[in-house]
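User: Could you walk me through this model, sheet and ligand shells included? I'd like the reasoning along with each answer.

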Amino acid sequence: MECYLDSCDKSDCFGCGACQNACPVRAISMQPDEEGFRYPKINAALCIECNLCRKVCVASSSERFFNPGNGEFFGGYVNDENLRRSSSSGGAFSAIADVFCMGDYAIFGAEFAPDFSVRQSYVTDKSHSCKFRGSKYEQSDVSLSFIDAKKFLQDGKRVLFSGTPCQIAGLKNFLGRDFENLLTVDVLCESVPSPLFVRKYMAYLRSINGSRLKNFAYRDKFNGGWECYLMSAVFEDGKRISVSRWFNLFYSAWFAGLMSRPACQKCRFCRRERVGDISLGDLWRIFKFPRKIYGGGLGTSLIIANSPKGCSVCAQLGKSMRICRVDEKLVVCIQRPLRQNMAHSEKRGEFMSDLQTLDYRSLRAKWLKRPPLRLLFSAYVLGDTLKRAIYNAINFIKK
Ligand SMILES: Cc1cc2nc3c(=O)[nH]c(=O)nc-3n(C[C@H](O)[C@H](O)[C@H](O)COP(=O)(O)OP(=O)(O)OC[C@H]3O[C@@H](n4cnc5c(N)ncnc54)[C@H](O)[C@@H]3O)c2cc1C
Ligand code: SF4
Ligand code: SF4
Ligand code: SF4
């Protein structure tokens with residue numbers, strides 16, 4: 001891939017923000033395009049042509065940021081049920097922060113801004129890191145957070161930095177060397193959806209409810225399990241609107257490849273070799289894994305320790321988690337982000353043009369498909385015990 005700053009081809013830019021952080025004269029700003037995705041823009045009047053931005057570009061650089069791909073696979077969930085309820089999967093991120101962050105430290109993660117856009121920020125007190133809990137499925141704005149992280153690292157503080165793999169690669173390119181006091185955590189990610197959709201959906205919710213948005217969650221476990229991806233909006237008048245993935249245009253359009261970032265189609269990070277010291281995801285198809293890490297359907301994390309540093313942290317997670325090793329081959333087979341990226345649909349162009357012109361109601365009427373009954377049956381009728389029994393019976397017959 002070429003660097004976007006030379007090619008001006010949007011499919012060459014992951015939006016990782018490394019170039020913006022590297023520019024010594026702050027000549028680069030990240031500007032949203034008509035689909036809501038951010039791209040670097042150089043202010044020619046400020047630029048001193050040092051080329052540092054191109055040197056750190058994740059798209060065009062060598063692959064030195066990857067770990068070898070011989071890590072250890074775990075599944076588990078935190079013992080604290082409230083913590084698990086406020087996390088997207090099994091709450092592994094908070095358990096990792098607990099183990100790694102001692103003495104002076106900073107934790108970097110994705111939080112909601114007041115307008116519910118998503119930005120990278122940091123805390124220096126673990127008790128404030130709850131704002132990072134829960135997946136926000138919009139690419140976070142890293143802004144100048146790599147510079148902040150570097151300052152903490154140079155001061156000898158421990159830094160836990162979490163983000164998408166391209167953001168972690170951007171951080172590594174920006175830092176240019178390894179720091180013993182840095183622990184990186186990447187999430188299993190196979191594309192990010194258009195921020196424009198979320199803005200439009202939130203505006204629609206506000207218009208039908210007539211009250212201001214107080215809280216928003218992409219995956220709420222309030223009234224439904226971990227697997228149904230319940231998207232919830234809570235308003236200032238106390239009303240809550242929740243829609244599960246099967247009836248939610250956000251998830252159906254995103255998972256169908258209708259509104260992903262153009263460069264995600266060329267993503268280099270959807271593979272077994274990982275960038276972060278630790279990778280986090282959901283342990284989907286939990287019925288295929290040991291029953292002791294099921295946890296009553298409130299979510300189980302997939303944790304991959306990719307480096308010696310990651311392994312040493314994961315070895316201590318048993319203090320606050322119910323955790324065990326899981327079969328790597330089975331996980332790789334289930335988890336597409338460990339094998340390949342999400343392809344764009346051939347209808348992406350049509351959907352994105354409708355997204356820019358139609359109101360939310362018309363967009364939903366045109367694009368939301370009825371979910372297949374077999375999926376609803378599996379999600380709402382078959383419980384873990386039944387799925388596990390069917391899975392074991394099929395395996396027994398195959399043998
Ligand atoms: C864009 C995106 C796509 C994902 N796709 C998959 C997938 O295909 N399969 C899968 O198994 N898992 C995926 N995940 C990961 C999954 O949703 C959970 O984030 C992960 O399992 C961690 O959950 P947890 O319970 O350990 O901790 P939680 O407390 O729920 O995790 C929060 C962690 O995720 C980080 N985070 C949240 N939102 C963002 C964001 N927008 N950008 C960067 N970091 C963020 C926070 O900083 C924090 O470190 C994705 C996550 C994101 C953000
Ligand atoms: S060439 Fe140097 S000064 Fe110009 S935008 Fe890139 S990093 Fe900034
Ligand atoms: S460094 Fe990242 S944001 Fe900048 S051009 Fe390269 S891929 Fe895009
Ligand atoms: S799919 Fe790849 S390029 Fe897209 S956000 Fe995820 S890690 Fe970055």
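Here are some questions and answers on this predicted model.

User: In what order do the strands of the 8-stranded open sheet run?

Analyst: The pairing in this open sheet is mixed. Neighbouring strands are turned by 25° against each other on average, ignoring direction. Reading across the 8 strands, you get β5-β4-β6-β7-β11-β12-β3-β13.

User: Which strands stand at the edges, each with a single partner strand?

Analyst: An edge strand has just a single partner, so one side is left without a neighbour in the sheet. That applies to the strands at residues 118-123 and 321-325, namely β5 and β13.

User: Which residue in β11 does D186 stand opposite?

Analyst: Strand β7 covers residues 182-187, and β11 covers 278-282. These two pair in the parallel sense over 3 bridges. Opposite D186 you'll find S279.

User: What angle does the direction of helix α5 make with that of β6?

Analyst: Helix α5, residues 92-100, packs on the sheet and touches several strands, including β3, β4 and β12. It also touches β6, residues 158-163, and the angle between their directions is about 165°.

User: How many nonpolar residues are in the shell around ligand 2?

Analyst: There are 13 residues around ligand 2, with C23, C47, C50, L52 and C53 coming nearest. By class, 1 is polar and 1 is charged. The nonpolar count is 11.

User: And how many charged residues does the shell around ligand 4 have?

Analyst: Ligand 4 has 15 residues around it, and P165, C166, C189, C264 and C267 come nearest. The shell includes 9 nonpolar and 4 polar residues. The charged ones number 2.

Conventions. Residues numbered from 1 in each chain as written. Chains lettered and ligands numbered in written order. Predicted model: local features only at pLDDT ≥ 70, side-chain atom pairs only at ≥ 80, totals over all residues. Near = placed C-beta within 6 Å. Nonpolar A, V, L, I, M, F, W, Y, C, P; charged D, E, K, R; others polar. Pairing = 2+ DSSP bridges. Helix = DSSP H or I, 4+ residues; strand = E, 2+ residues; numbered from the N terminus. Axes fitted to C-alpha atoms, helices over the stretch in contact; angles between N-to-C directions. Contact = placed C-beta atoms within 7 Å.
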